[in-house]
Amino acid sequence: MPTEPPRAVGKVCLIGAGPGAADLITVRGARLLAQADAVLYDALVTEDMLALCPQAVRISVGKRSGQRSTAQHAINQLLIESARKYALVVRLKGGDPMLFGRADEELSALEAHGIAVEVVPGITAALAAAASARQPLTKRGIARSVALFTSSTAPEENQLVRMPVGDTLVQYMGGREAAATARKLLALGFAPTTPVVVVENCSRPDEQVQRLILADLEQGLALFSGPVLVMIGAALAERGSAAPPKNG
């Protein structure tokens, strides 16, 4: 008679840590962190955030664009093993787990092994960056839609071919791809004077906010040490400035 696989007794919570500042995590996320037996955390999670779970076994599974990082299949396996060992396991992700967070792979792996999962949303970088720059992503009469995208793909996939459609575009992990994005938008008819806001290390003490226009972005961005978000669109024109250009 075949033996049964070991029973999964723990629960896994995929928690969004938010954009970086420890006090921008949700109340529910902070409460679960304080109860966790083990926490698997990303490279973008700060030490201040980890201070919220001093009782937990902390496991770094850092994933940074363009840098050596833990393979996703290895993270999935660690989650499964941790759930069989601990009662409450937290997978702590920068931003929101359901946006560019590989949540589909992790949910699929955990569900396939019968492991209970809860997802706790977090403040995604686009909203935090808009708040830091005091620049709404939507604006009555100018922008009523927002497209969030990234050019980063799995190794077997092609890079972004078609630009997303939206009145305001927000590119995650956009530092290296900024010039290529600008060239594509200019070719699509976007005005060279279209406003651009670049935010590095959003919500952290070393946050940097840079304002420029699409023609400047085409020249590329200087290398950044932290995560970069690029926001593009007429709604990003500074208040009190001349009427923003129309795209197309």
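Let me begin with E106, which in this predicted model is a buried residue, its relative accessible area being 0%. That residue is a useful way into the charged pairs, so to speak, before I turn to the nonpolar parts.

E106 pairs with K93 in a salt bridge whose closest N and O atoms are 3.0 Å apart. The two partners come from distant parts of the chain, since K93 sits in strand β4 while E106 belongs to helix α4, residues 103-112, and 13 residues separate them. As for K93, its relative accessibility is 1%, and because anything under 20% is taken as buried, K93 counts as buried too.

What else is linked to this pair? D42 and R91 join K93 and E106 in a network of salt bridges. Within that network, D42 and R91 form a salt bridge of their own, with 2.8 Å between the closest N and O atoms. D42 is found in the loop between β2 and α2, whereas R91 is in strand β4, and the pair therefore ties together parts of the chain that lie 49 residues apart in sequence. Both D42 and R91 are buried.

Taking the whole structure, the search returns 6 salt bridges. One of them joins K11 to E118, with the closest N and O atoms at 2.9 Å. Here again distant parts of the chain are linked, K11 being in strand β1 and E118 in strand β5, residues 116-120, at a separation of 107 residues. K11 has a relative accessibility of 31% and so counts as partly exposed.

Let me now move to the nonpolar side. The largest nonpolar core comprises 18 residues, and those with the most contacts inside it are I15, L33, V39, V45, M49, V90 and L92. At least two residues of this core come from each of β1 (11-16), α1 (27-35), β2 (38-41), α2 (47-50) and β4 (88-93). The strand that gives the most is β4, with 3 residues.

I15 deserves a closer look on the screen. Leaving aside residues up to four places away in sequence, I15 touches I25, G29, L32, V90, R91, L92, K93, P97 and V120. You will recognise R91 and K93 in that list, and these are two of the residues in the salt-bridge network I described earlier.

Finally, apart from this core there lies another, which has 17 residues, including L169, A178, L221 and V230.

Notes: Residues numbered from 1 in each chain as written. Predicted model: local features only at pLDDT ≥ 70, side-chain atom pairs only at ≥ 80, totals over all residues. Heavy atoms only, no water. Core = buried A, V, L, I, M, F, W, Y, C linked by side-chain atoms within 4.5 Å. Buried < 20%, exposed > 50% of the residue type's maximum accessible area, 1.4 Å probe, protein only. Helix = DSSP H or I, 4+ residues; strand = E, 2+ residues; numbered from the N terminus. Contact = heavy atoms within 4.5 Å. Salt bridge = Lys/Arg side-chain N within 4 Å of Asp/Glu carboxyl O.
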